[in-house]
Structure formats: structure tokens, C-alpha cells
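Me: I would like to practise reading a structure feature by feature. Could you take me through one?

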Amino acid sequence: MEIPDENQEYLLGTTEIEFTDSVASVPMVNVDPYQCVLLRVKDPDKVDEAKQLLSDNADPRKWVCVEADSVIIENVGDVILYIMAEQKTAEAVRNAFLALQQ
């Protein structure tokens, strides 16, 4: 799904990031904590600033009964990957994402 304005703070932890495109993968019901977001930052010169905002506002305990044990924030150009999940899952997604720049 694209990230609607009303879900931006819940999914990103902040409303301060300007982006042009977004997609989020979040299960409706799941016993495993998982959230994966891709953002295309509006200003490519602000990628590091956006990554810092995501890091500062990440809440791996936002789910009622579970907690993500891994928070990963990476970028390829102006696209940011922001994932909170079980470590093995998060690392697999990160590796696949970073392979796109090769």
C-alpha cells in the first residue's frame, strides 16, 4: 500500500519526511513483528536527514504483544528501505535491497 497521510506517523514515527513515492508492507494480523517501508525522498540531498529521522523515531515495540529485534535503515540513491522485523528476515530484505545498486 502507499502510505496515506493519516498513517505516516504510525508507519514512519514522524511526519517530517518529504517523499514523492512510498510503499509499505504490513500484515493486518501477525504474531511476528514486521513492517517494511520504501520511500523515495523528495530531495535527494536530504536522504541522510530522512534516515536519521527514521532512526530517531523508530519504535520496534509499537505492536501490542511483540517487539522487532532488528531495525534496518538503508538507501540506494534516493530510495530508503526502513524495516523492523525479526533479524533474519530484516537482513534478508536488506541484502536483496542493497543488491539493486549493483
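Me: How many aromatic pairs does the count come to by the ring-pair rule?

Reply: Zero. Rings pair if their centres lie within 6.5 Å. By that rule the count of aromatic pairs here is zero. Keep in mind that this is a predicted model.

Me: Then what sits over the ring of Y10?

Reply: Here you look for a charge over a ring. The charged end of K62 sits over the Y10 ring, 3.9 Å from the ring's centre.

Me: With which side chain does the side chain of Q35 make a polar contact?

Reply: That of K62, at 2.4 Å. So K62 appears twice in this picture: its charged end is over the ring of Y10, and its side chain meets that of Q35.

Me: Is Q35 buried or exposed?

Reply: Compare the relative accessible area with the cut-off. Buried means under 20%. Q35 has 0%, so Q35 is buried.

Me: Where does Q35 lie, and what is it in contact with?

Reply: Q35 lies in strand β2, residues 34-41. Set aside sequence neighbours within four places. Q35 is then in contact with Y10, L11, S25, V26, K62, W63, Y82, I83 and M84.

Me: V26 is on that list. Is V26 exposed or partly exposed?

Reply: Exposed requires over 50%, and buried under 20%. V26 is at 27% relative accessibility, so it counts as partly exposed. V26 is placed in the loop between β1 and β2. Beyond four places in sequence, V26 touches L11, Y34 and Q35.

Me: How far apart are V26 and E16 in space?

Reply: Read sequence separation and distance together. The two are 10 residues apart in sequence, and their C-alpha atoms are 21 Å apart.

Me: In what order do the strands of the sheet run?

Reply: Follow the pairing, not the numbering. The order is β1-β2-β4-β3, four strands in an open, antiparallel sheet. The edges are β1 (19-25) and β3 (70-76), each pairing on one side only. From one strand to the next, the twist averages 15°.

Me: How many bridges join β1 and β2?

Reply: Six, in the antiparallel sense. As one example, F19 has V41 of β2 as its bridge partner.

Me: Which helices pack on the sheet, and at what angles to β3?

Reply: Check what each helix touches, then its direction. Helix α2 (residues 47-57) touches β2, β3 and β4 (79-85), and its direction makes about 170° with that of β3. Helix α3 (residues 87-98) also touches β2, β3 and β4, but its direction makes about 5° with that of β3.

Key. Residues numbered from 1 in each chain as written. Predicted model: local features only at pLDDT ≥ 70, side-chain atom pairs only at ≥ 80, totals over all residues. Heavy atoms only, no water. Helix = DSSP H or I, 4+ residues; strand = E, 2+ residues; numbered from the N terminus. Buried < 20%, exposed > 50% of the residue type's maximum accessible area, 1.4 Å probe, protein only. Polar contact = N/O pair within 3.5 Å; in protein donor to acceptor, adjacent residues only side chain to side chain. Contact = heavy atoms within 4.5 Å. Phe/Tyr/Trp six-rings, centres within 6.5 Å; stacked < 30°, edge-to-face > 60°. Lys NZ or Arg CZ within 6 Å of the ring centre and 35° of its normal. Pairing = 2+ DSSP bridges. Axes fitted to C-alpha atoms, helices over the stretch in contact; angles between N-to-C directions.
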